[in-house]
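Visitor: I have a structure open beside its sequence, and I should like to go through its side chains with you. Could you take my questions in turn?

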Amino acid sequence: MSCRTANDAALQSRVCVALRDLLRKIGLDGEPEVTPASVTARADAVDVFEATGRIEESARRLGVRSLDRAAAVVGFDWLSDPHTADGGPFDA
């Protein structure tokens, strides 16, 4: 890693290379869903969820339609959350 100044594109490239090296070291380099961009998107979605408490906002940030998918990405188990569901069947 160099301490020299660089333009934004060069800095982004350096970060992506460093992140890809890290993913390789921790054994996630073979996972097709795990990329430097997906790691950044997940972190952003987690920040949004923690700030708002709304999984819909995280889904928007991730660009996904499925709230279940967004919940899985940010690590939110809505079935176990006493504020969102009792975990049992829906009562009409």
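**Side chains at the surface and in the core**

Guide: Arginine 54 has a relative accessible area of 43%, so it is partly exposed. Please keep in mind that this is a predicted model.

Visitor: With which residue does arginine 54 form a salt bridge?

Guide: The bridge joins arginine 54 to a partner whose closest N and O atoms are 2.5 Å apart, and a distance within 4 Å is what a salt bridge requires. The partner is itself partly exposed, with a relative accessible area of 27%. The residue in question is glutamate 56.

Visitor: Is arginine 60, which forms a salt bridge with glutamate 57, buried, partly exposed or exposed?

Guide: In this pair the closest N and O atoms are 2.6 Å apart, and the two residues, being 3 residues apart in helix H3, are separated by about one helical turn. Glutamate 57, at 29% relative accessibility, counts as partly exposed. Arginine 60 has a relative accessibility of 56%, and because the limit for that class is over 50%, arginine 60 counts as exposed.

Visitor: How far apart are the closest N and O atoms of arginine 24 and aspartate 21?

Guide: These residues lie 3 residues apart in helix H1, which means that about one helical turn separates them. Arginine 24 is partly exposed at a relative accessible area of 45%, and aspartate 21 is partly exposed at 30%. They form a salt bridge, and the distance between their closest N and O atoms is 3.0 Å.

Visitor: How many salt bridges does the count come to?

Guide: Among them are the bridge between arginine 54 and glutamate 56 and the bridge between glutamate 57 and arginine 60. Another is formed by arginine 24 with aspartate 21. The count comes to 4.

Visitor: What area does the nonpolar surface patch made by Leu22, Ile26 and Leu28 have?

Guide: Leucine 22 has its place in helix H1, residues 8-25. Its relative accessible area is 45%, so leucine 22 is partly exposed, and residues of such a patch need over 30%. Together with Ile26 and Leu28, Leu22 makes a patch of about 260 Å².

Visitor: Which helices each supply at least two residues of the largest nonpolar core?

Guide: This core has 9 residues in all, including Phe49, Ile55, Val74 and Phe76. Beyond its neighbours within four places in sequence, phenylalanine 49 is in contact with Arg54, Ile55, Ser58, Val74 and Phe76. The helices that each supply at least two core residues are H2 (36-52), H3 (55-62) and H4 (67-74).

Methods. Residues numbered from 1 in each chain as written. Predicted model: local features only at pLDDT ≥ 70, side-chain atom pairs only at ≥ 80, totals over all residues. Heavy atoms only, no water. Core = buried A, V, L, I, M, F, W, Y, C linked by side-chain atoms within 4.5 Å. Buried < 20%, exposed > 50% of the residue type's maximum accessible area, 1.4 Å probe, protein only. Helix = DSSP H or I, 4+ residues; strand = E, 2+ residues; numbered from the N terminus. Contact = heavy atoms within 4.5 Å. Patch = residues over 30% accessible without salt bridge, like charges linked within 9 Å, V, L, I, M, F, W, Y side chains within 5 Å. Areas by Shrake-Rupley, 256 points an atom, 1.4 Å probe, with all protein chains shown as cover. Salt bridge = Lys/Arg side-chain N within 4 Å of Asp/Glu carboxyl O.
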